[in-house]
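User: Please take a close look at one part of this structure and what surrounds it. I am a first-year student, so go step by step.

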Amino acid sequence: MRTAHVVHGGGNGGDAPRPRPRTDDGGHRRVAGLDGIRGLAALYVVLHHCWLLAFPGYPVNTGPEWLGWLLHGRFAVVVFITLSGFSLAIAPARNGWQSCGNLRFARRRAWRVLPAYWAALVFSLLIAGAVTPLPLSAPPSARSVVVYGLLMQDVVVAPVPNGAFWSIAVEAGLYLVFPLLLLVRRRAGAASTLAAVTVPVVAIGLLCPDVSTTAKATGFTLELAPLFTLGLLAAGIVSAGDQVRRWPWHWLALLAAAPVVLLTVREGSVWTVNHYYWIDLAIGPAIALLLAAVATRRSAGLGWLLATRPVRGLGRFSYSLYLIHLPIVGLISRRIVAPHVGPGLPRFWITLVLAVPICVAAARLFAAVFEIPFQQHRSWAPLKALARKRWERVRSTPPG
């Protein structure tokens, strides 16, 4: 299974413009809690793959009912996509939906996304080539290197080196239309922006039912574009007036999510997986409302959870965790656990106990090299200076 990478805001309510301190991304004040959501979503994907490799038969739920919530890794991707639109739109929403410039935006996104992705691609290609058959992957080829290296996997089919990489190509495709979405939002308003993206997706699903119910390998960017747009529009909450910000956004999110959750429980896993096209659209508003609740701090309990040190820390390297966890989980499940434990609950628990800490530790080390430095430094010059400083420190350290 593929799993992966988020309400309408008003004006500033008459508030005077406020200075925007620089942060590590986009020049806007960070919204507390978003990193925690990323971390929890990435951890859920790890748990999902542990479940998937312990209970064969997907999309049939062959595990215990009380673990059925781990079957739907796709929902984490829905969170990532919606959250991506929300995060990227915070700064424009505070600035009259003006972007920082298309070229600058593209350069920042490439700098943030590509180094860790390309490093994870090399890591995945090596493991997929050396250890076969690896779950949710395929022996790589030259075509895999080209297609995945250029982030074309949502357009061109190639042997899959890492089953989690599909959503990275979707994110990249959505980045291309982000400036256009801002332009439409600025000139035509929130409702027109949402309609311009959502109506074609709904029309395609209705006119071509096979598109919405048949498993496919490509074409997810258009399918998930409404979620990204919902996140973008939800970011308007950061510049909304106090009256709007006081709305019970967390209860509205719960109210929006309840019918979707009840429907998936009633219809079962097979029906839900076969209708992800529509389920994604249905759950998107609930996630956007949840992000508005986090941005306005409307839920004390959720705010406390997202502010805890472990959750915040996990969020700092959630991208790395998402990128490299699947080969690690696959290796542990296939080479260490499966030869000694048959499918079922014991395999799940053993895989979970081994894979989660190893994935988290490996992702933290991976992020220290390929992700966090690119968050903290926005060009090669400071990165080279940092590398030189660390190298000099190593050389000056006495042995022993």
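Analyst: A helix here is a DSSP run of H or I that holds at least four residues, and helices are numbered from the N terminus. By that count, arginine 104 lies in helix 3, residues 102–130. The model is predicted.

The part to look at is helix 12, with the pocket it helps to line. Helix 12 covers residues 276–296 and has 21 residues. At 1.5 Å a residue, helix 12 should span 30 Å, and its end C-alpha atoms are 30 Å apart, which agrees. Helix 12 also has a bend of about 30° at isoleucine 283, and proline 285 follows within four residues. Just after helix 12, arginine 297 has a positive phi of about 55°.

Next comes burial. A residue counts as buried under 20% relative accessible area and as exposed over 50%. In helix 12, 17 of the 21 residues are buried, so the rest of the structure largely encloses this helix. Arginine 104 makes a useful contrast: with a relative accessible area of 37%, it is partly exposed.

Helix 12 also takes part in the second largest pocket, where it supplies at least two residues of the lining. Helix 1, helix 2 (74–93), helix 10 (249–267) and helix 13 each do so as well. Helix 10 gives the most, with six residues. The volume of this pocket is about 1,100 Å³. The lining has 31 residues, and the closest to the pocket centre are Tyr44, Trp69, His72, Phe75 and Val261.

Two of those lining helices lead on to helix 14. Helix 1 (34–54) and helix 13 (300–307) are among the elements that cover the buried residues of helix 14, as are helix 15 (318–337) and helix 16 (345–370). Helix 14 spans residues 309–316, and its buried residues are Val311, Leu314 and Gly315. These three cover an arc of only 100° around the axis, which puts them on the same side of helix 14. The face turned away from that buried side carries the exposed residues Arg309 and Pro310.

A loop residue can be buried too. Glutamine 153 sits in the loop between helix 4 (142–149) and helix 5 (166–188). Its relative accessibility is 3%, so glutamine 153 counts as buried. Leaving aside neighbours within four places in sequence, its contacts include Tyr117, Phe165, Trp166 and Ala217.

Conventions
Residues numbered from 1 in each chain as written. Predicted model: local features only at pLDDT ≥ 70, side-chain atom pairs only at ≥ 80, totals over all residues. Heavy atoms only, no water. Buried < 20%, exposed > 50% of the residue type's maximum accessible area, 1.4 Å probe, protein only. Arc of directions from axis to C-beta. Contact = heavy atoms within 4.5 Å. Expected span 1.5 Å × (residues − 1). Bend = angle between axes of the 7 residues up to and from the residue. 1 Å grid on protein atoms, 1.4 Å probe; cavity = no way out; pocket = protein on both sides within 12 Å on 5 of 7 lines; lining within 4 Å. Points joined across faces, edges and corners; volume = space filled by probe spheres on them.
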